[in-house]
Amino acid sequence: MAKLIQHRNKCIGCGVCENMQPEYWRMSKKDGKATLLNSQQKNNVYVLHIADKNISLSRLTAKACPVRIIAVQ
Ligand code: SF4
């Protein structure tokens with residue numbers, strides 16, 4: 001198990017994460033930012049537990065985020 005983490009308030013709404021992992025990310029029609037689906041929020045940080053088989057692609061998604069607000073731990 002790993003954690004996929006997003007500092008959502010700094011999202012610029014580019015859509016890269018949704019393109020790469022649509023099972024985890026959805027662009028919000030309300031504010032244009034990416035929503036980490038089924039995540040839990042604490043102090044504006046969103047966290048989702050992900051399966052080991054999805055860690056590699058999640059790391060690539062984190063790298064591809066232009067403002068580097070996605071992390072895998
Ligand atoms: S890749 Fe980063 S900046 Fe772009 S929509 Fe996703 S979280 Fe927001």
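Here are a few worked exercises on the structure above.

Two ground rules first. Numbering starts from 1 along each chain as its sequence is written. The model is predicted, so local features need pLDDT of at least 70 and side-chain atom pairs count only at pLDDT 80 or more, while totals for chains, interfaces and linings use all residues.

**Exercise 1: the sheet**

Task: work out which order the strands take in the open sheet of four strands.

Solution:
- Start with the vocabulary: strands (E, at least two residues) and helices (H or I, at least four) are DSSP runs, numbered from the N terminus. Two strands pair if DSSP finds at least two bridges between them.
- Take E1 (residues 2-7) and E5 (residues 45-50): they are antiparallel partners over six bridges. Within this pair, Ala-2 is matched with Ile-50, and Gln-6 with Tyr-46.
- Now look at E1 and E6 (residues 70-72), which run antiparallel and are joined by three bridges. Here Gln-6 stands opposite Ile-70.
- Add E4, which pairs with E5 in the antiparallel sense over three bridges; Gln-40 faces Val-47 in E5.
- Put together, the order is E4-E5-E1-E6, with antiparallel pairing. E4 (40-42) and E6 are the edge strands, each pairing on one side only.
- As for twist, neighbouring strands of this sheet are turned by 25° against each other on average, direction ignored. Axes are lines fitted to C-alpha atoms, for helices over the stretch in contact, and angles run from 0 to 180 degrees between N-to-C directions.

**Exercise 2: the helix on the sheet**

Task: find which strands helix H2 touches, then zoom in on Ile-55.

Solution:
- H2 (residues 55-64) packs on the sheet and touches E1, E5 and E6; its direction makes about 150° with that of E6.
- Ile-55 lies in this helix. Leaving aside neighbours within four places in sequence, its contacts are Ala-2, Ile-50 and Val-72. Contact means that the C-beta atoms, placed from the backbone, lie within 7 Å.
- Is Ile-55 buried or exposed? The cut-offs are 20 or more other C-beta atoms within 10 Å for buried, 12 or fewer for exposed, and partly exposed in between, with C-beta atoms placed from the backbone. Ile-55 counts as partly exposed because it has 16 C-beta neighbours inside 10 Å.
- For a distance check, Ile-55 and Gln-73 are 18 residues apart in sequence and 9.1 Å apart in space, C-alpha to C-alpha.

**Exercise 3: core and ligand shell**

Task: list the residues of the largest nonpolar core, then describe the shell around the ligand.

Solution:
- A nonpolar core is a set of buried Ala, Val, Leu, Ile, Met, Phe, Trp, Tyr and Cys residues joined through C-beta atoms within 7 Å.
- The largest has eleven residues: Leu-4, Cys-11, Cys-17, Tyr-24, Trp-25, Ala-34, Leu-36, Tyr-46, Cys-65, Ile-69 and Ile-70.
- Pick Leu-36: setting aside neighbours within four places in sequence, it is in contact with Leu-4, Gln-6, Tyr-24, Trp-25, Tyr-46 and Leu-48.
- On to the ligand, which is surrounded by 14 residues, the closest being Cys-11, Cys-14, Cys-17, Ala-34 and Cys-65. A residue is near a molecule or strand if its C-beta atom, placed from the backbone, lies within 6 Å of it.
- By class, the shell has eleven nonpolar, three polar and no charged residues. Ala, Val, Leu, Ile, Met, Phe, Trp, Tyr, Cys and Pro count as nonpolar, Asp, Glu, Lys and Arg as charged, and the others, Gly among them, as polar.

**Exercise 4: loops and phi**

Task: say where Asn-38 and Asn-44 lie, and give their phi values.

Solution:
- As background, most residues other than glycine have a negative phi.
- Asn-38 sits in the loop between E3 and E4, with a positive phi near 60°. Asn-38 is exposed because it has 10 C-beta neighbours inside 10 Å.
- Asn-44 belongs to the loop between E4 and E5, and its phi is positive too, near 70°. With 10 other C-beta atoms within 10 Å, Asn-44 is exposed.
- In the hairpin of E4 and E5, with two residues between the strands, Asn-43 takes a positive phi near 50°.

Notes
Two residues are in contact if their C-beta atoms, placed from the backbone, lie within 7 Å.
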